[in-house]
Amino acid sequence: RKRALLSDICEMKRRKLNTYGESNSVKDVPTNTDSALQFLASIFPVDKFERRLPPIVMRHQIYAFVKSRTEVDKHLNELRKKNEIRLFKIGQNDDDQIAVVYLKDYKEHVEKCCSNNEAVANFMNVVYDCPDISFSRNVLLKDYFLREENITELIQQGVLCARDVGSYWLSIPRVGEFVKTFLYGRRATLQYVRRTKYKEILQSELVQRKLPRKCLLGILYHVYDIIGNELVTRIESPTGAVLRLQPELLQNR
């Protein structure tokens, strides 16, 4: 009974948070890193991916709620050291695209994707012991007693990917599927803003728009992406928050 009550309370909080994107009200808006992270993870549509991915939050999405990036980064670092989350470098570019996943969700995802794989199971002990976003080859070989063939297997299974010579990023199996739909949905969302007469739109109006079927993440997820990544400027007005396209994106297609 107590567990059911807690579940009901969490569901009520989730519904209140979700209404922000639709009503544009400042009431119940996440105001700290923890609540923003919980909210953003809750709107990740795991069912649309047929549970092939864990809830993934981009770090810059949290910046849409907490204006101090230093404060966000500091708190995420604390959560990382407390083994509550892990950070992941997304994409191959040099830009600072960092994803956040709750460690318990990551563990469940890896176990499902790489079941009965001894190398991966042993590596998860390393992940719990070392909260870093990347690993050097020497540390894996000398401190954690992995062999070269173990590292090769971890790359093949998607829990590591090459960073540069002698180092590897911690990775999410099947993350390529997320990156593809994430970038596609971002472009589609920006197109809605770009097609307006003055290259700006009410946030409450934008969240009502429907994205193409291939945009699995949903419009609300992408609204916080473009705000937090500063692809649009959020301006308060008497009629609600207005999202204005950044000048350098006016000609992009």
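This is a short talk on one helix and two sets of paired strands in a predicted model.

I'll start with helix H6, residues 118–129. How far apart should the ends of this helix be? At 1.5 Å a residue, its 12 residues should span 16 Å, and the end C-alpha atoms are 17 Å apart, which agrees.

Now, which residues of H6 are buried? They are Ala-119, Val-120, Phe-123, Met-124, Val-126 and Val-127. If you look down the axis of H6, these buried residues fall within an arc of 155°, so they line one face of the helix. The face turned away from that buried side carries exposed residues, namely Glu-118, Asn-125 and Asp-129. Please find both groups on the structure above.

What caps the N-terminal end of H6? That is Asn-117, with a side-chain oxygen 3.1 Å from the backbone nitrogen of Ala-119. Ala-119 is also on the list of buried residues I just read out.

Next, the strands. Further along the chain are S4, residues 134–136, S5, residues 160–164, and S6, residues 167–170. S6 pairs with S4 in the antiparallel sense over 3 bridges. In that pairing, Phe-135 has Tyr-168 of S6 as its bridge partner. S6 also pairs with S5, again in the antiparallel sense, over 4 bridges. Here the bridge partner of Cys-161 is Trp-169 in S6.

S5 and S6 form a hairpin with 2 residues between the strands. Which residue there takes a positive phi? Gly-166 does, with a phi near 85°.

A general point before the last part: in a regular strand, the side chains alternate between the two faces of the sheet.

The last part is an open sheet of 3 strands, in the order S7-S9-S8, with antiparallel pairing. Strands S7, 200–202, and S8, 232–235, stand at the edges; each has a single partner strand, so one side of each is left without a neighbour in the sheet. From one strand to the next, the twist averages 25°.

S9 covers residues 242–245, and its antiparallel pairing with S8 runs over 4 bridges. To pick out one pair, Arg-234 has Leu-243 in S9 as its bridge partner.

What lies across these strands? Helix H9, residues 175–194, lies across S7, S8 and S9. H9 runs at about 95° to S9.

To recap: H6 has its buried residues along one face, S6 pairs with S4 and with S5, and H9 lies across the sheet strands S7, S8 and S9. That's all from me.

Key. Residues are numbered from 1 along each chain as its sequence is written. This is a predicted model: local features need pLDDT of at least 70, side-chain atom pairs count only at pLDDT 80 or more; totals for chains, interfaces and linings use all residues. Side-chain values use heavy atoms; hydrogens and water are left out. The expected span of a helix is 1.5 Å times one less than its number of residues. Buried means under 20% relative accessible area, exposed over 50%, partly exposed in between (1.4 Å probe, protein chains only). The arc is that of the directions from the helix axis to the C-beta atoms. A polar contact is a pair of N or O atoms within 3.5 Å; within protein, one must be able to donate a hydrogen and the other to accept it, and residues adjacent in sequence count only if both atoms are side-chain atoms. Two strands pair if DSSP finds at least two bridges between them. Axes are lines fitted to C-alpha atoms, for helices over the stretch in contact, and angles run from 0 to 180 degrees between N-to-C directions. Contact means heavy atoms within 4.5 Å.
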